[in-house]
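Me: Got a minute to go through this one with me? I'd like to start with the backbone and then look at the rings.

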Amino acid sequence: MYLINNSFRSVGGYENVTGDTRKEPDPRGASKLYRNNGGSFTDVTEEAGIYSSIIGFGLSAAVSDINRNGLPDLYVANDFFERDYLYINNGDGTFTESLEDKIRSLSFSSMGSDIADLNNDGWPEIYVSDMLPEEEARLKSKMTIETWDEYDENVQRGFHHKYTRNTLQLNSGDGTFSEIGRYSNVFATDWSWAVLMADFNLSGYNDIFVANGIYKDLLDQDYIEQVANPRVIREMMEADGEVIMQLMDQMSSYPIRNYAFENRGNLQFVDQTIEWGLAEPGFSSGAAWADLNGNGALDLIINNVNGPSKIYKNRVLEVYPDRKWLKVQLNGESPNTLGIGAQLQVWSDDEYQYREHFLQRGFQSSVEPGFHIGFETAERIDSLVVRWPDGRTSRLGNVDLPANLTISQNESSEIPAPKPEGSFLPGDLNNTYNRCIS
């Protein structure tokens, strides 16, 4: 179990720390890794190579087999000045933190995160939310951007290249990533929390949902200018002494909409929030997806601060009745009965899709167990392979769509799963499929 934690120490007062501080364990508020012994847990943070310093302000963590070697890796999104962490699993109970070697730039105030394959090449991408507004008025009134000197100072102090915007890290398949958030037009979604990547419109590509909103506009520039005036604070103290509550009451509170980005292929995304019926303003934080009515389309459950939770019914099959879907439920062997960490590869005609079975996603949320895949035109699946966490595989072929399958680990074989070789382009699929079924 990886436990995200924050120091109790105020965010201020870190002016003299450097990136070397992350190597200094601190028991007063650090994140930790616990080994599951089967009935008990042991703190193995230091021996596993996990940072647990006082500067790690973790807000979310995402698990994925980043390098497709069969071992789950870990991405940790850190708020404030500390950079994110990318832990590569060494397979012996230890991890190697490798972010600076693999990622060139990242979000400044990393918040929610998720990992999934967005271009169907078999390599999972990393998406991290930040706080950059899209609207010009909110950009000017609710946000401060660091100066060049501040940016350069942070780099020199060892906090890497960080920018106030959402970041989308494209997995190149060679162990490195390219940041393409602006290219894909998913870089500005305001004060964002949960991030979910799934195929909401059953097109065969994973889309992106971002939950939004902050109940009090802590960064409102007019408010900051007002409370910086000593006379204002003195008047509050003379009035009734309830300065903190008065300061809170004077913060603006403006509900904003969430974001839903449709994946059009080629790493191009289109904002479809209004068209998909998800534009109701609020203060959303956690979010999860699940097929609540069993029709093959993923519904959304969204938590709202100081308001009721919302359930959004997915109506894609009313709009596109010809689209097909595949659901795969896993019966894993004890103790991992849900098959956490399993991988699914699917081939249909000249299309390929890859999924990973990690349920904790977004921000303080967990999604429905099982694999969910959409198909825009395919009528059947040529072949599918489930790779279980122990390396064994289960295989099926010639599956008519739509389909709701249950696959059991106790019926698996020792045949290894096919691995990605570069990118899965249409011309490569036949060879990959032949290896899969042989």
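Reply: One convention before the loops. Helices and strands here are DSSP runs, numbered from the N terminus, with at least four residues for a helix and at least two for a strand. And keep in mind that this is a predicted model.

Me: Fine. Which bond comes before Pro335, cis or trans?
Reply: Cis. The peptide bond from Ser334 to Pro335 has omega near 10°.

Me: Where is Pro335?
Reply: In a loop. Pro335 falls between β21 (324–331) and β22 (343–348).

Me: And the bond from Leu401 to Pro402, cis or trans?
Reply: That one is cis, with omega near -5°. Pro402 is in the loop that runs between β28 (393–400) and β29 (403–408).

Me: Switching to phi. What is the value at Asn120?
Reply: Near 55°, so positive in a residue other than glycine. Asn120 is in the loop between β9 (113–116) and β10 (125–128).

Me: Why does Asn120 count as buried?
Reply: Because its relative accessibility is 11%, and buried means under 20%.

Me: What about the phi of His160?
Reply: Positive, about 70°, and His160 is not a glycine. His160 belongs to the loop between α3 (148–156) and β11 (162–163).

Me: Is His160 buried or exposed?
Reply: Buried. The relative accessible area of His160 is 10%.

Me: On to the rings. How many aromatic pairs does the structure hold?
Reply: The structure holds 15. One of them is Tyr14 with Phe57, which is edge-to-face because the planes are at 85°, with the centres 5.9 Å apart. The cut-off for edge-to-face is over 60 degrees.

Me: Where do Tyr14 and Phe57 sit in the chain?
Reply: In distant parts, 43 residues apart. Tyr14 is in the loop between β1 (2–3) and β2 (32–36), and Phe57 is in the loop between β3 (41–43) and β4 (58–64).

Me: Are Tyr14 and Phe57 buried or exposed?
Reply: Both Tyr14 and Phe57 are buried.

Me: Which residues are in the cluster with them?
Reply: Phe80, Phe81 and Phe159. Ring pairs link these with Tyr14 and Phe57.

Me: Last topic, charges over rings. Which ring does Arg68 sit over?
Reply: The ring of Tyr354. The charged end of Arg68 is 3.8 Å from the ring centre.

Me: And Arg257? What ring is under its charged end?
Reply: Tyr259. The charged end of Arg257 is 4.1 Å from the centre of that ring.

Note on methods: Residues are numbered from 1 along each chain as its sequence is written. This is a predicted model: local features need pLDDT of at least 70, side-chain atom pairs count only at pLDDT 80 or more; totals for chains, interfaces and linings use all residues. Side-chain values use heavy atoms; hydrogens and water are left out. Buried means under 20% relative accessible area, exposed over 50%, partly exposed in between (1.4 Å probe, protein chains only). Rings of Phe, Tyr and Trp (its six-membered ring) pair if their centres lie within 6.5 Å; planes under 30 degrees apart count as stacked, over 60 as edge-to-face and the rest as tilted. A charge sits over a ring if NZ of Lys or CZ of Arg is within 6 Å of the ring centre and within 35 degrees of the ring normal.
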